[in-house]
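Biologist: Hi, do you have a few minutes to go through this one with me? I'll put it up on the screen.

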Amino acid sequence: MTNTQRVNIGKQHPSSYKTLIALSAEVEESAAAAGLDPLLIELLKIRASQINGCAFCLRMHTRDALKKGENSDRIAVLPGWEETGYFSETDRAALRLTEAVTRVSDGHVSDEDYNAAAAVLSADQISAVAWLATVMNAFNRVAITSRYPVGG
């Protein structure tokens, strides 16, 4: 990390940031309406933020997940979710799709990843997970570009 002073793009263009916040609220409502567990929603936000290396969002959503009752072991092993027995079939499908959307530059969302999600998730759930990942990736980019402070 450098000492370069950054423009806080959320404050520089507050109406754009407020629109992103409103979109996030709409996406969360859609995810809940699609039957996604609130704890899973937080885990998806954490996983996207882990991949993107967004410390600000990691801290925020880890705290949110713990407040909502998430198990600290599930958060701790989230980067290795495929190797654990902590996650349901629905969790695994949503995590895989979230990772694919987040890593879109690594070959887009492959048919393999999409089909694996579609084998478990409903159309509403696939859409909700994709929107959650999309919005979380946007927030990660705002925080990282603006260098939102974390700790120290």
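Biologist: Let me start with a single residue: is His-108 buried or exposed?

Modeller: This is a predicted model, so keep that in mind throughout. His-108 counts as exposed because its relative accessibility is 61%, above the 50% cut-off for that class.

Biologist: And where does His-108 sit?

Modeller: In the loop that links α6 (89-102) to α7 (111-118). The backbone is worth a look there too: His-108 is not a glycine, yet its phi is positive, about 65°.

Biologist: Thanks. Which residue other than glycine has a positive phi near 55°?

Modeller: That is Arg-147, with phi near 55°. Arg-147 belongs to the segment after α8, and it counts as partly exposed because its relative accessibility is 26%.

Biologist: Let's zoom out. How many helices and strands are there in the chain?

Modeller: Eight helices and zero strands. Reading along the sequence gives α-α-α-α-α-α-α-α. The radius of gyration is 15 Å, close to the 15 Å from the globule rule for 152 residues, so the chain is as compact as a globular protein of that length.

Biologist: What does the C-alpha trace span along its principal axes?

Modeller: About 45 × 30 × 30 Å.

Biologist: And what share of the residues is buried?

Modeller: Buried residues account for 38% of the 152 in the chain. As for the outside, the chain exposes about 8,500 Å², and carbon and sulfur atoms supply 52% of that area.

Biologist: How many positive and negative side chains are there?

Modeller: There are 15 positive and 18 negative ones, and the centres of the two sets lie 12 Å apart.

Biologist: Is anything annotated? Which residues does the UniProt domain cover?

Modeller: The UniProt record, an unreviewed entry, gives "domain: Carboxymuconolactone decarboxylase-like" for residues 28-99. In the model, residues 28-99 are 69% helix and 0% strand, with the end C-alpha atoms 18 Å apart.

Biologist: OK, now the packing. What fraction of the contacts between residues at least 6 apart joins residues at least 24 apart?

Modeller: That fraction is 70%. Ala-94 makes a good worked example. It lies in helix α6 and is buried, with a relative accessible area of 0%.

Biologist: Which residues does Ala-94 touch, leaving aside its neighbours within four places?

Modeller: Leu-40, Leu-44, Leu-121 and Val-129. You can also compare positions: the C-alpha atoms of Ala-94 and Leu-43 are 9.6 Å apart, with their places 51 residues apart along the chain.

Biologist: Leu-44 rings a bell. What about Leu-132, which helix is that in?

Modeller: Leu-132 is in α8, residues 123-146. At 5% relative accessibility, Leu-132 is classed as buried, since the cut-off is under 20%. Beyond its neighbours within four places, Leu-132 is in contact with Val-27, Glu-28, Ala-31, Leu-36, Ile-41 and Leu-44. So Leu-44 appears among the contacts of Leu-132 as well as those of Ala-94.

Biologist: How far is Leu-132 from Tyr-86?

Modeller: Their C-alpha atoms are separated by 21 Å, and the two residues are 46 apart along the chain.

Biologist: I also spotted a lysine in α3. Is Lys-45 buried or exposed?

Modeller: Lys-45 counts as buried, at 7% relative accessibility. Its helix, α3, runs over residues 38-52.

Biologist: What is around Lys-45, then?

Modeller: Apart from neighbours within four places in sequence, Lys-45 contacts Glu-28, His-61 and Met-136. Glu-28 is also listed as a contact of Leu-132. On the other hand, the C-alpha atoms of Lys-45 and Val-7 are 24 Å apart, for a sequence separation of 38 residues.

Biologist: Last one: where is Phe-56?

Modeller: In helix α4, residues 55-67. Phe-56 counts as partly exposed, with 21% relative accessibility.

Biologist: And which residues does Phe-56 contact, beyond its neighbours within four places?

Modeller: Ala-143, Tyr-148, Pro-149 and Val-150. By contrast, Phe-56 and Ser-30 are 25 Å apart, C-alpha to C-alpha, and 26 residues apart in sequence.

Definitions and conventions:
Residues are numbered from 1 along each chain as its sequence is written. This is a predicted model: local features need pLDDT of at least 70, side-chain atom pairs count only at pLDDT 80 or more; totals for chains, interfaces and linings use all residues. Side-chain values use heavy atoms; hydrogens and water are left out. Helices (H or I, at least four residues) and strands (E, at least two) are DSSP runs, numbered from the N terminus. The radius of gyration is taken over C-alpha atoms; the globule rule is 2.2 Å times the number of residues to the power 0.38. Buried means under 20% relative accessible area, exposed over 50%, partly exposed in between (1.4 Å probe, protein chains only). Contact means heavy atoms within 4.5 Å. Accessible areas come from the Shrake-Rupley method with a 1.4 Å probe; for residues, only the protein chains shown count as cover. Lys and Arg count as positive and Asp and Glu as negative; His and the chain ends are not counted. The place of a charge is taken as NZ of Lys, CZ of Arg, CG of Asp or CD of Glu. UniProt positions are given in the numbering used here, feature names are shortened, and annotations may be inferred rather than shown by experiment.
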